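Reader: I want to see the reasoning behind each label. Take me through it, value against cut-off.

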Amino acid sequence: MSDMKPRSDSTPASPERRRFVGAATATAAGLAIAPGVMLYEVAHGRAEDQAASSAVRWGMLVDATKCATGCNDCVSACSTENGWTPVAESKHAKQAPQWIRKLELQDPLTQMETNLPMMCQHCAEPPCVDVCPTGASFKRADGIVLVNRHTCIGCRYCMMACPYKARSLVHEPLNDTQKPDVPRGIGCVEACTFCVQKVDRGDGNTACAEACTAAGHNALVFGDMNDPESEISKRLRELPTKQVRADLNLNLGVRYHGI
Amino acid sequence: MASITFREVEGSSPKYWMLFGFLGLFVLFGALAWNYMHHHGHVVTGMDNQIVWGLPHVFAVFLIVAASGALNVASIASVFNKPMYKPLAPLSAVLSLALLLGGLLVLVLDLGRSDRLIVAMTNFNFKSMFTWNVFLYSGFFVLVGIYLWTMLDRSVKSWSKAAGTAAFIWRLTLTTGTGSLFGFLVARELYGTAMLAPMFIIMSFAYGLAIYLMVLAAAYAWTGRALGDAVIMRLKTLLVVFVAAVLYFVVVQHMTSLYFTKFHAVEAFILRDGGALTTLFWVGQIVIGCVAPLVILLSSLGRQRSWIMIACALVILGGVAQMYVTIIGAQAYPLDMFPGLTEKSSFFDGEIHAYSPSMPELFLGLGGVAIALLATTFAVKVLRLLPASLDDATVAKLEH
């Protein structure tokens, strides 16, 4: 990092002044190159020692008009990418974690049917983060809501608080399907992470959205909602979208079209 | 004012040790249940990702609520200066500490990672009601502990009123915190209301007093000490007021919800269509917990001690039923993410969520009750908590 250099040789007479000049230079340089760095980040992922940036807000557009009845590709892709056992294969289906699920909605009056995937909505004001006693539930600067595997005590208060039933408790010892970059653990709560491991690698997409595109449905678009040039931002500008339970005013990272 | 002699119970009779052993057995069962749940995970419970708080929470929250209520008798004595209640105060303080201990143990042993309790005590999120409760519970132990000390040690007796007042204010805050655990939840129709905090306070008055009365009567009957009608009748009248107030709050809460169209479905679920939960509400919470005790206590039956004890037992059973309906009922009713539309999914969206408690859950909960009673049984043996006599003549002298 460029701002480290002036600080490291601060032995001469006026270290304070030097430090100030150094910091000021670094700040100016930072401001000048920040947009470039940001583009680089989005395209190539984040270095491990670099914090997530609030300049980015990861989000997803779900176009329910394109979501196919009976298609479960997003769910399967999530399970494969993140290593959770598909419900159909689980010995205890009722207690099995589901990071993402397909919802079938119907208007009882008009009979209109709607399909959509439901998962963590990555709220800007997440109730799960509010209620978590240990701070294990947290929101990253880039808008991704996660659970710290080391400090989750399994109290399940977040599951009580989530308006979307997006979270699951790991009810039993895990089998060997765990992925090295997706830590999980018995007794801890987990949910959709927006494939944070992929995002940090620089894939710029989630497994569910990739699968949806591969299946030719194109119902899911993932990207940076803060970048006006991203595909998701362009689509969100054009399509009328809604937030689920908008009455709660949680400012969701997942927006639905066609509901 | 006449002085009262406090004396430890001898606690050497076979009957005492049988009681001790019986309670100890349930503590052991509770420990085994925890071990089983901890080893296999919550998969061996009836809980799932829909009903995430089950029977252990019902017991835990009941005990915690009752704990603060059990302190009432002591509060009346020192905060409100009623001399008749003074000899009853030490037991009241000890019982409240014991009940809180039992409730908290159940709560923490039901955590998905109960081995990480230290994490909960070292990492705080001050926006969480749970975090606030950690401090409210610890503070309660400290304040009631000090209060008990001022009652038992003559050298610090002058501090009793101050300590009692602090404990009283703290216990009101504590139950506000317990009610707000649910009151601060935005997602579920039956929660998310300020009503829950005062309602939990009034419930704590009733449950705590019912438990106190039963423990007091049992302690005097089993040790052969005299317990006059004056004490029992006074506490009985108090119980009537509390139970009636609980009923009032429940009626107001449901009437308000019934008025709002958006709550019609969830109210219909609790009051009419909820199967076992509806039965628990009407038969358990309303009839057994409120109406029957009121009828008993207000009629001529209420003059007989055995009937008063039955009424107390009913209030306690009704209290457990109320906690079950409050905690399980709100989770059993599906989240309404898309109002007006039917929902279907592999995750049971749009369905009423079934829950049948498992044996380990039941025994973990009963273990908490047993710990509370065991701690009380032990405390009356080692501390001078109980007056040697509470016959009417002794009590009458206090008031003059």
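Author: This is a predicted model. Start at Q106(A), which stands opposite T342(B) in β2(B). In the strand β2 (residues 100-106) of chain A, E104(A) faces K344(B) of β2(B).

Reader: How do you know that β2(A) and β2(B) pair, and in which sense?

Author: Two strands pair if DSSP finds at least two bridges between them. β2(A) and β2(B) have 3 bridges, so they count as paired. The sense is antiparallel.

Reader: Which partner does E104(A) have in β3(A)?

Author: E104(A) stands opposite N115(A) there. β3(A), residues 113-119, pairs with β2(A) over 7 bridges, in the antiparallel sense. These two strands form a hairpin with 6 residues between them. In the turn, Q111(A) has a positive phi of about 70°.

Reader: What makes β2(A) covered or open?

Author: Burial of its residues. 5 of the 7 residues in β2(A) are buried, and the strand is mostly covered.

Reader: How many residues does each chain bring to the contact?

Author: Chain A brings 46 residues and chain B brings 37 residues. On the side of chain B that touches chain A, α5 (117-122), α6 (129-152) and β2 (342-344) each supply at least two residues. α6(B) gives the most, with 4 residues. That side of chain B divides into 17 nonpolar, 13 polar and 7 charged residues.

Reader: Why is chain B called as compact as a globular protein of its length?

Author: Chain B has 14 helices and 3 strands. Its radius of gyration is 21 Å, and the globule rule gives 21 Å for 400 residues. The value is close to the rule, so chain B is as compact as a globular protein of that length. Along its principal axes, the C-alpha trace of chain B spans about 70 × 45 × 40 Å. Of the 400 residues in chain B, 52% count as buried. Among contacts in chain B between residues at least 6 apart in sequence, 78% join residues at least 24 apart.

Reader: Why is C195(A) called buried?

Author: The cut-off is 20 or more other C-beta atoms within 10 Å. C195(A) has 26 such neighbours, so it counts as buried. C195(A) lies in the loop between β7 (189-190) and α6 (196-201) of chain A. Its phi is positive, about 50°, although C195(A) is not a glycine.

Reader: And what makes N218(A) partly exposed?

Author: Exposed needs 12 or fewer neighbours, and buried needs 20 or more. N218(A) has 13 C-beta neighbours inside 10 Å, so it falls in between and counts as partly exposed. N218(A) sits in the loop between α7 (207-214) and β8 (220-224) of chain A. Phi of N218(A) is near 55°, a positive value in a residue other than glycine.

Reader: Why are β8 and β9 of chain A called edge strands?

Author: In chain A, 3 strands form an open sheet in the order β8-β1-β9. β8 and β9 (254-257) each have a single partner strand, so one side of each is left without a neighbour in the sheet. The twist averages 20° from one strand to the next.

Reader: Which strand pairs with β9(A), and in what sense?

Author: β1(A), residues 58-63, pairs with β9(A) in the parallel sense over 4 bridges. One of the residue pairs is L61(A) with R255(A). α7(A) packs on the sheet and touches β1 and β8 of chain A. The direction of α7(A) makes about 135° with that of β8(A).

Conventions. Residues are numbered from 1 along each chain as its sequence is written. Chains are lettered from A and ligands numbered from 1 in the order in which they are written. This is a predicted model: local features need pLDDT of at least 70, side-chain atom pairs count only at pLDDT 80 or more; totals for chains, interfaces and linings use all residues. Two residues are in contact if their C-beta atoms, placed from the backbone, lie within 7 Å. Ala, Val, Leu, Ile, Met, Phe, Trp, Tyr, Cys and Pro count as nonpolar, Asp, Glu, Lys and Arg as charged, and the others, Gly among them, as polar. The radius of gyration is taken over C-alpha atoms; the globule rule is 2.2 Å times the number of residues to the power 0.38. Axes are lines fitted to C-alpha atoms, for helices over the stretch in contact, and angles run from 0 to 180 degrees between N-to-C directions.
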